[in-house]
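Student: I would like a close look at one part of this structure, beginning from a single residue and working outward. Please keep the account connected, from that residue to the parts around it.

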Amino acid sequence: MTTCVATDSNSTDGDDAVVESDGVASERRARHPVARTAAWAALGAESTTPLGDLLGAPVVPTSITELAESASVLCVALTLVDAARGCEVVASVLATRTSTHAIGKQMLGEETTYEDAAEALAEVVNVVAGVVKAAFVDEGFSFTLGLPAEISATELEELQASAVATTAIHVALGEHAFALSYLVTQSAATRVLAEDLHEGWVLAQDLRVDGVLVMAHSTRLTEGAARSIRETCRGLRVLAYPPIRAESR
Amino acid sequence: MKILIVDDSKAMRLIVKRTLTSAGYGGYTIVEATNGREALDSIKVSKPDFVLSDWNMPEMSGIELLTALKSNNIKVPFGFVTSETTDEMRERAKDQGALFLLGKPFTAETMGQALKPVLNPA
């Protein structure tokens, strides 16, 4: 496979590197409240400084073909949900094995196993998600973060294909490139029986029993919280967002 | 003297440990837990002098851990290290008794500034 992020590979600077996927997405983008914001337009550029701080070395926009040439890439994604406004954003980081090792070594200060380096990549997407959350506060959004989860490049492509809007940026740590991708997905809140809730679901409404608030909307369920709901709210149909596929495995 | 680091990421626990040493806290014994549930069990046994916890973790989150400590009447100084640093979260953390909420990425300097008022370097 080639690269699966929608990025203008000819772009060489920060502003030009942040692009919409195609004309159709651009049209959808114009209508979607998340993608209409100044925060959305600036996401790629806003992420580079905190990533540089995390890695202890400059992270700069680039046009590198390494991802496109590689058959072996790692993708870590994290879902952000604004339950009150019915919005979902998926932030992801895509890197080759070589870049993943380089990120791990830079972050952890030593040669790492691939598993440890992949964990370092998960921290990268964590920080990127933190940037998204902070950037949208002033736009009136309140996102709840999921946990980073490894997904396949095919799964990322499927998410991109169904996304309402997409923006991406290729960045480099030294000679090693990786891609940051941000997708606005279709709102996917669904009614589910309390006993079917598990780790990673995000409540789309306040959960009340006999009028008493059990858990507030926007709460991301840990397994402990989900267990408690399963035990106390049996039979109740709850409006909630499912976790990203990989997170629920 | 012990510091408990709670984070589901092994990579981040390593970074926090290294940063603590750089910030002058290398003399503390470091204890680790991978989620709030494990931390709650560990705190009862190892009785740390400080808990540095991530917010978003599987099984039991950092804020659930802090709430559980309160309801179990366990008093231990507690600070968050998290990638989420909105005012709303700072307020929630403070309301539950956290001493600070330090944003990722952090440096030895910012870690030291957060810890110094509540924990002597060693």
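Tutor: This is a predicted model, and the residue to begin with is Ala91(A). Leaving aside residues up to four places away in sequence, Ala91(A) touches Ala77(A), Leu78(A), Leu80(A), Val125(A), Val128(A), Ala129(A), Val132(A) and Tyr182(A).

Several of these names come back in the nonpolar core. The largest such core has 113 residues. The residues with the most contacts inside this core are Ala77(A), Val89(A), Ala91(A), Ile103(A), Leu121(A), Val125(A) and Val132(A). Helix α6 of chain A, residues 114-137, supplies the largest share of the core, 13 residues. The core also reaches across the domain assignment, drawing at least three residues from each of domain 1 (14-185) and domain 2 (190-248) of chain A. In soluble globular proteins, nonpolar side chains tend to be buried together. For chain A as a whole, 50% of the 249 residues count as buried. Of the contacts in chain A with a separation of 6 or more, 72% are between residues 24 or more positions apart.

Next, the boundary between the domains. The assignment for chain A gives domain 1 as 14-185 and domain 2 as 190-248. Their contact involves 15 residues from domain 1 of chain A and 13 residues from domain 2 of chain A. On the domain 1 side, β2 (73-82), β3 (87-96) and β5 (149-151) of chain A each provide at least two of the residues that touch domain 2. By class, that side of domain 1 of chain A has eight nonpolar, four polar and three charged residues.

Within the range of domain 2 there is an open sheet of three strands in chain A, with the order β8-β12-β9 and antiparallel pairing. β8 and β9 of chain A are the edge strands, each pairing on one side only. Strand β8 (residues 190-193) of chain A is joined to strand β12 (residues 237-241) of chain A by four bridges. In that pairing, Arg191(A) has Leu239(A) of β12(A) as its bridge partner, and Val192(A) has Val238(A). Strand β9 (residues 202-203) of chain A pairs with β12(A) over two bridges, again in the antiparallel sense. There the bridge partner of Val202(A) is Tyr241(A).

Helix α6 of chain A also leads outward, to chain B. The contact between the chains takes 26 residues from chain A and 21 residues from chain B. On the chain A side, α3 (38-55), α5 (97-108), α6 and α8 (223-232) of chain A are the elements that give two or more residues. α6(A) gives the most to this side, with 12 residues. The side of chain A that touches chain B divides into 13 nonpolar, six polar and seven charged residues.

From the chain B direction, helix α3 (residues 62-71) of chain B is the element to look at. Its buried residues are Gly62(B), Ile63(B), Glu64(B), Leu65(B), Leu66(B) and Leu69(B). These buried residues of α3(B) pack against α8 of chain A, together with β1 (2-6), α2 (36-46), β3 (50-53), β4 (78-82) and α4 (87-95) of chain B. After α3(B) comes Asn73(B), whose phi is positive, near 55 degrees.

Terms used
Residues numbered from 1 in each chain as written. Chains lettered and ligands numbered in written order. Predicted model: local features only at pLDDT ≥ 70, side-chain atom pairs only at ≥ 80, totals over all residues. Domains from an automatic or database assignment. Contact = placed C-beta atoms within 7 Å. Nonpolar A, V, L, I, M, F, W, Y, C, P; charged D, E, K, R; others polar. Core = buried A, V, L, I, M, F, W, Y, C linked by C-beta atoms within 7 Å. Buried ≥ 20, exposed ≤ 12 C-beta atoms within 10 Å, placed from the backbone. Pairing = 2+ DSSP bridges.
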